[in-house]
Each structure stands twice: as structure tokens, then as C-alpha cells.
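These are my notebook entries on how two chains meet. I set down what I looked up, in the order in which I looked.

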2 protein chains.
Amino acid sequence: MLTDGGDGEPGRERALIERIRRRLASAPAWVRVGIGDDAAVLEPERNRLDVLTTDTLVEGVHWDSRFCSPGDVGHKSLAVNLSDIAAMGATPRAALLSMAIPSHLTDDTAGFIDPFIDALAGAAAEARVAIVGGNLTSTPGPLAITVTLTGSVHPRRILTRAGGSPGDHLYVTGTIGTAAAGLLWLKEHPMASEPDDPSLTICVRQYRRPAARVRAGELVGRNRAAAACMDLSDGFADAVRQVAEASGTGARVEGEALPIEPGAAAEFRRHQLEPLRAAVGGGDDYELLFAVSPRQRRAFEGLRGSLRGLALTRVGELTQGPDLVLRATSGGPDEPLPAGYSHF
Amino acid sequence: MLTDGGDGEPGRERALIERIRRRLASAPAWVRVGIGDDAAVLEPERNRLDVLTTDTLVEGVHWDSRFCSPGDVGHKSLAVNLSDIAAMGATPRAALLSMAIPSHLTDDTAGFIDPFIDALAGAAAEARVAIVGGNLTSTPGPLAITVTLTGSVHPRRILTRAGGSPGDHLYVTGTIGTAAAGLLWLKEHPMASEPDDPSLTICVRQYRRPAARVRAGELVGRNRAAAACMDLSDGFADAVRQVAEASGTGARVEGEALPIEPGAAAEFRRHQLEPLRAAVGGGDDYELLFAVSPRQRRAFEGLRGSLRGLALTRVGELTQGPDLVLRATSGGPDEPLPAGYSHF
């Protein structure tokens, strides 16, 4: 760990592991055994529960190399997991990196492996995550990256999807549909680096290097300021649906309240998409959706000052019904919340 | 968790997750949040360290579907990780399953997913491992399976590769070269289920469904009966090399002492391979190599009675050297320990 998976050339794999190890920060003292043994050994945090998540990104499914750089992929492979840990109200801690690598990428360590690892290591350092092991193997197929991330959380501060109740307000961090709009632009401009419009540039950057809301999840968990939480990796509509289903409630979303980047709305319109519904259905936003009970509202709203400018927007509420509805305009009719999301 | 990775059809992925969840044992009480949320939440064991490992298996690299059944792959995807946890002297605890699945397999849940999960769940139940989450995604490439396994170990009972000293005896569990011989036979008889020769049948079964030495690793760790340990996933020669390098020693292996299944030796000979060197170089044996110091020998040998018939064979010793040597016949000359292994 990192250990080489059977590709018949342990010497070469070991050289690659060593190359990766040298680019990573040295391990903190609570890592008793790190990269290079059969498994990693970590000191747990006292009086905390262990949190554990994993996500796999596959080239051609989760990213397109025409417009995502090796660094973008390295950043994102950790960010998607940070987002899961944040959604539990937990603090991220240690990561394992497992890669199934096609030979043209192992042949080009300076072009792919180095910038990939540097961005992953940068995202890890920013989130105070130690990379403690993993696995490398060859593959005849596309690059597949699996990051497993651990975290720790106080037993009474866990945020699940299931804690909501009718009457809870729904809040979302940041903006929605942002990454989807960025992706629309990138598909049409694969060779261009960034758009001229600064608001659309925000969208493109959010797609390429999503900022997981680690601090927001942690703060809300620590202050027990929400009843339920989920991240928006599969889109806002999906998150509302999952939180409502797990909580045994319905939900009403107020369309006019939804925080949509102006550049995203313009980009959706350019593609003949209705901005509201496109933003609600779009995936790959690593924002957090919170259900906040009436008695938590003051504490929740009070966290704004600690979030370094990250927006927290009230976007609706959980309801008695089983229905999931979108009220596009205030006073207007309810319509069913769009079902799907289109990831790629 | 299990969560669906972006394939644009969350409904279908969720149905697959639900199908998998129904085939798994219900979670023990220490799993506070299991499959179905953003991350799993586990109660740690008191006064223990966390152990963490991950391994990826790729179709066409780590197995050949002409002679490995979906059940074989399910069993093996956990076993390779159990072996890593055992090699640390730790007790396995919780697993995450991440799969990148080509569409022909998601279309054939009864033919692939069900038997795969049943065998994985069977191996997990036998090792008292809870499957607490994971990730599913589609892939245009071959099936890739990443299992992450946690374990727990008492702080003073960790076995690393680095604890050996000159004069320590080397012991190995079970037999070596067994899986490599089984693979040789399977490559020539992909359609046949098992060979006629019972000793060769042992080899084929060991290749298809390796028995990780969970109990041996745990017992040796608990009794502090060894100074260093590593599993033989990349072959016996590789394990000796890694333990010696990590411990800053050399090693001498006594060829005549090596435990080689008669059916394996015969199969190697049929392929014009010298049995001793083929067994030493062959990979995919999930046995354990231990370095045992003089003052640990009595305790180590005393564990035989608790190992339910699993062989523990003394096969050599760590030396001052940096040299890694094989003495093929007792009294004969030393030769360099074969370097490589051939996994596939």
C-alpha cells in the first residue's frame, strides 16, 4: 500500500509508487503505518465515529480528457469524496488512492501521473487529508480512479439523509446548475481554456475543480444546526428527492429562490434550455443540501459569518405529502420536481 | 453509499444497489449508518488502531472469465484484501465495494451480479466482515472491482514488513506456487471444471477461491509471535525480497524446505518449468510469510494447534547480507533468489 496489482512488472510498478510517494506530503504522526506495507495503520480520534466513503471516476464517463486536465481529474477524484464526508457533518482524515491505468499513461509519467498527483496532493493538503496508501494496476480499458476517504465525527453530530421532518426548511450552499452550465460550454469549446464571460468562467472552474463544502458540513454538524444533509453530486433535484424519501416527507422547492449563477442561466438559454429546470436537474455540483428544523434555524443562519462568503440560501421546505414539487414562480402553480439529471 | 456514480440513469443504478443490498447480511450494531447514505458511519473498536487497505481487480488483468466464474471473482475481490489485513496481524471489520461495470453485465444481473454478490457476501460472512457501502458506475471498459477493507489491531500487535532482523527464521503458511500451477492448468482447460488429479484440483481451487489466512495473521499478531509479516499476493520471492528490504537484511531460502503441492510440481514439470523456481516465482498465493525472532520461536510454533491444520513451514532465515539467496539443495551452492513473478 500503495501496492502494485498484478501486471507482471513489479519493479516498474514499484518505481511508479515511489514516484507518487515522493510527491505527497509526509504523513502526520497519527499515521502509524503509511504507504509501502500491506495496509495502512491509523490512530483513531478519541470519542469519534469512523466515516468511510468511496467513489470511482472513469475516463469517458466522469470526465472528458479533451477538456479536463490531469490536474482537474486529480483534484476532482478527492473532491467528490470530500463532499460525501462533508455531507455527514464529518471531518475528512485519510485517503487511499487506487488506480487502474492504461499503459499510455504509465509511459507518460511527467505528462499525466505527476500533475494528477500534484493536484490530488494539493486538494488533500487543503482539506488536511493524509494519503496513506492505495493500489496501482494496469488495465486494457480506460483510466479508472477510486479514492476511498475516511473521516471522523462526534456520535451526536452525524448528519444523515433521513433526519428531516415536515416543516424543515431546505437550504443549499453556493449555486446550482453551475457545473452543468460549465460542462455545456466546455463541450462546445474543448480546446479553449476559459470563456470570456467571468460568470461563465466561474461555471467552467466549478465543473473542472469543484470546491467540496468541507467546512460547511463540518460546522453544521458540529453545531447540530441541521436535521438532514446530502451532497448535490447527482444534482439538486436528486438530492431533494433522496432527503425527502429517506426522511419520509415530501418537499416543495421555491424556483425564484434558487441560487443560479447568471452565466449559467445565459449558457442554458443559449442551448434552448429553460434555466430553472436545467439548473435543478444538472449534476456534478458538489454543494450541500440541508434540512433545518424550526428550532435549528437561528443556529444555522448564524453560521453564515463563519463560512467565508459561501452562500447559504433557503430554497424550500420539507412537507407532509409524498409529493415533490417545484413552484417556479411565487404564487404560481406547483409542478412535479424534475426527475432526472444528465451527468454526461 | 452504495451510491450511484454518474451514468445518467440514477433510477436504474438505484435498483441495482437495492438488489445488491437485499443479498447482503444485515449490518451489525456497530454500523451506525450503512448502505444508502453519503458515507458509512462505524463505531471504532476501543483501544484499537484502524487498519485500511484497498485492491482493484480488472477483468483480463486479474482474472479470465473463461475460467473464473462470477462467484470466483466475488470471493477473490474480498480475499485479496483479507490477506492484506491478515498480514498486519489485524482483524478485518468492514468493506466498501466499488464497481465500474460494463453494460452487458448490468443487463444480466441474474447471470453476473447475483452470483458475484452472493460469493462476496459469503466470504464476508465467513470473515465476519460487514459490507457497509460502496459505489457503482458504468464503464466502456472491462469490469473493475475495488474493495476497500478496514480492520482493527491492538497498537502493540501490528505486524509490518519492516520488523525483521538477521537470524530471524522465515516461515510460510500453506503451500507456494499452488495458484500459479492451478492457473497453468486452467489456461489449457478453460472449459473443464476441475482436473482429475486431486492434488491439482487443490491448486485450481486455490487459484479460483483463495483462502486468505485471516486467522493465522490475527493469532500471530495477538500473540506477538512474529517480528514481520507480508502476504504472498505477488509471489513468495517477492515477499521475501520486500520483507528483507524493509527490514534492512538479506535472506536465505532453503529450497528443499519449501512446501510445494505435489500436483503443482507435476503441473510445472508438464510445462517444462523447474518446480522449485516456478513455485518461488509464482504469484497469487494468498499465504503469509513471517519473520520470527529466536525468542518468538516457541510461541510461534505453539500456534500450530490453533490453526486447524494449516501448515506453518520454516523455509529459511533473514541474514546480515543484502543478498537474497536460494539454496536449492541442502549443502548445495547459493544462487540469487529469482527476481520476478508472472501474474498472468
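**Entry 1. Charged pairs across the interface.** I began with the side chains of Arg161(B) and Asp37(A), which form a salt bridge at 3.6 Å, N to O. The model I am reading is a predicted one. As background, I note that side chains of opposite charge can pair when their charged atoms come close. The rule allows up to 4 Å between the nitrogen and the carboxyl oxygen, and Arg161(B) and Asp37(A), at 3.6 Å, meet it. I then looked up the number of such bridges across the interface of chain B and chain A, and the rule finds six.

**Entry 2. Polar contacts and make-up of the side.** Between chain B and chain A I found 26 residue pairs in polar contact, with both residues at pLDDT 80 or more. Which element gives the most to the side of chain B that touches chain A? I found strand β4 of chain B, residues 49–58, which gives nine residues. I also sorted the residues of this side of chain B: 25 are nonpolar, 22 polar and 16 charged.

**Entry 3. Strands that pair between chains.** I followed β4(B) further and found three bridges that join it to strand β3 of chain A, residues 40–42. The two strands run antiparallel. Within β4(B), I identified Leu52(B) as the bridge partner of Ala40(A).

**Entry 4. Extent of the interface.** I looked up the contacts next: 63 residues of chain B touch 63 residues of chain A. Chain B and chain A bury about 5000 Å² between them, and 56% of this is on carbon and sulfur atoms. In chain B, the residues that lose the most area to chain A are Asp38(B), Asp50(B) and Leu52(B), together 14% of what that side buries. I note again that Leu52(B) is also the bridge partner of Ala40(A).

**Entry 5. Relation of the copies.** I laid chain B on chain A by a turn of 180 degrees and a shift of 0.0 Å along the axis, with an RMSD of 0.0 Å. The two copies are thus related as by a two-fold rotation axis. Of the residues of chain B, I found that Gly141(B) comes closest to this axis, its C-alpha lying at 2.2 Å. Why do I say that the copies meet through the same surface? I say so because 100% of the interface residues of chain B are interface residues in chain A as well.

**Entry 6. A salt bridge within chain A.** Over all chains I obtained a count of 44 salt bridges by the rule. One that I examined joins the side chains of Glu43(A) and Arg32(A) at 2.6 Å, N to O. Glu43(A) lies in the loop between β3 and β4 of chain A and Arg32(A) in strand β2, so the pair ties together parts eleven residues apart in sequence.

Notes: Residues numbered from 1 in each chain as written. Chains lettered and ligands numbered in written order. Predicted model: local features only at pLDDT ≥ 70, side-chain atom pairs only at ≥ 80, totals over all residues. Heavy atoms only, no water. Least-squares fit on C-alpha atoms with pLDDT ≥ 70 in both. Contact = heavy atoms within 4.5 Å. Buried area = accessible area lost by both parts, 1.4 Å probe. Polar contact = N/O pair within 3.5 Å; in protein donor to acceptor, adjacent residues only side chain to side chain. Helix = DSSP H or I, 4+ residues; strand = E, 2+ residues; numbered from the N terminus. Nonpolar A, V, L, I, M, F, W, Y, C, P; charged D, E, K, R; others polar. Pairing = 2+ DSSP bridges.
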